[in-house]
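Me: I'd like to go through the labels on this model and ask what earns each one. Can you set the values against the cut-offs for me?

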Amino acid sequence: MIEYALIKWIHILSATLLFGTGLGSAFYKWCADRQGNLATMAHTNRMVVIADWAFTTPTIIIQPITGLWLIQLLGIPLDQSWVLLTLFLYCLAGACWLPVVWLQIRMRDLAHAALTQNSAMDARYQRYAHIWFWLGIPAFSAMIGVYFLMVFKPVM
């Protein structure tokens, strides 16, 4: 069934980009923040925001479309526990991601302002970075759960 194989490939590729971009961006941003070099922080924050718009946003849209399409093609009822839990975890990750995007844009702007004005970093930056980090914990955990459920489809 060519339709199923194509949709599954798009779904897996999209999931890989979503998870990989999120984890990679978070790692590099966290490292740049810990280093404390203003030029590095400004550049990394700018690139993280670009990566979110170029990779994360499209994959966030593609994932539920292809996932629900696959479920329909396979004839899996939407009320199965693993499907409902997957949707819940995906929404939880999304609920964490939305404020993270806002925080990343603010941190990008604060780092850019400090760099161009040759001034100290605004105190809000560290507060935003702290919140950003802690929102990543449930988002990352939820996505690990989604991967587990997608691969194993446990009967619950």
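Me: Why is Phe148 called partly exposed?

Reply: Its relative accessible area is 44%. Buried means under 20%, exposed over 50%, and partly exposed is what lies in between (1.4 Å probe, protein chains only). So 44% puts Phe148 in the middle class. Bear in mind that this is a predicted model, where local features need pLDDT of at least 70, side-chain atom pairs count only at pLDDT 80 or more, and totals for chains, interfaces and linings use all residues. Residues are numbered from 1 along each chain as its sequence is written, and side-chain values use heavy atoms, with hydrogens and water left out.

Me: And what makes Phe152 exposed?

Reply: Phe152 comes in at 55% relative accessibility, and the bar for exposed is over 50%, so the label follows. Phe148 and Phe152 both sit in helix α4, four residues apart, or about one turn. Helices here are DSSP runs (H or I, at least four residues; strands are E, at least two), numbered from the N terminus.

Me: Why is the pair of Phe148 and Phe152 called tilted?

Reply: The ring centres are 4.9 Å apart and the planes make 40 degrees. Rings of Phe, Tyr and Trp (its six-membered ring) pair if their centres lie within 6.5 Å; planes under 30 degrees apart are stacked, over 60 edge-to-face, and the rest tilted. At 40 degrees, the pair is therefore tilted.

Me: How many aromatic pairs does the structure hold, and what makes the one between Phe19 and Tyr147 edge-to-face?

Reply: There are six aromatic pairs. For Phe19 and Tyr147, the centres are 5.3 Å apart and the angle between the planes is 65 degrees, so the edge-to-face rule is met. This pair links distant parts of the chain: Phe19 is in helix α1 (residues 2-35) and Tyr147 in helix α4, 128 residues apart. Phe19, at 22% relative accessibility, counts as partly exposed, and so does Tyr147, at 31%. Ring pairs also join Phe19, Phe140 and Tyr147 into a cluster.

Me: How do you know that Lys29 lies over the face of Trp132?

Reply: The distance from the ring centre is 4.8 Å. A charge sits over a ring if NZ of Lys or CZ of Arg is within 6 Å of the ring centre and within 35 degrees of the ring normal, so 4.8 Å satisfies the distance part.

Me: Why is Thr57 called buried?

Reply: Thr57, in helix α2, has a relative accessible area of 19%, and the limit for buried is under 20%, so Thr57 qualifies. Leaving aside neighbours within four places in sequence, Thr57 is in contact (heavy atoms within 4.5 Å) with Asp52 and Trp97.

Me: What makes a set of residues a nonpolar core?

Reply: The members are buried Ala, Val, Leu, Ile, Met, Phe, Trp, Tyr and Cys residues joined through side-chain atoms within 4.5 Å. The largest such core has 14 residues, and among those with the most contacts inside it are Leu103, Met107 and Tyr125. Helices α2 (38-74), α3 (81-116) and α4 (123-152) each supply at least two of its residues. A second, separate core of 12 residues includes Ile76 and Trp82.

Me: How do you know that Cys91 is not in a disulfide?

Reply: The closest cysteine sulfur, in Cys96, is 11 Å away. A disulfide is a pair of cysteine sulfur atoms within 2.5 Å, so Cys91 is too far for a bond. By this rule the structure has zero disulfides.
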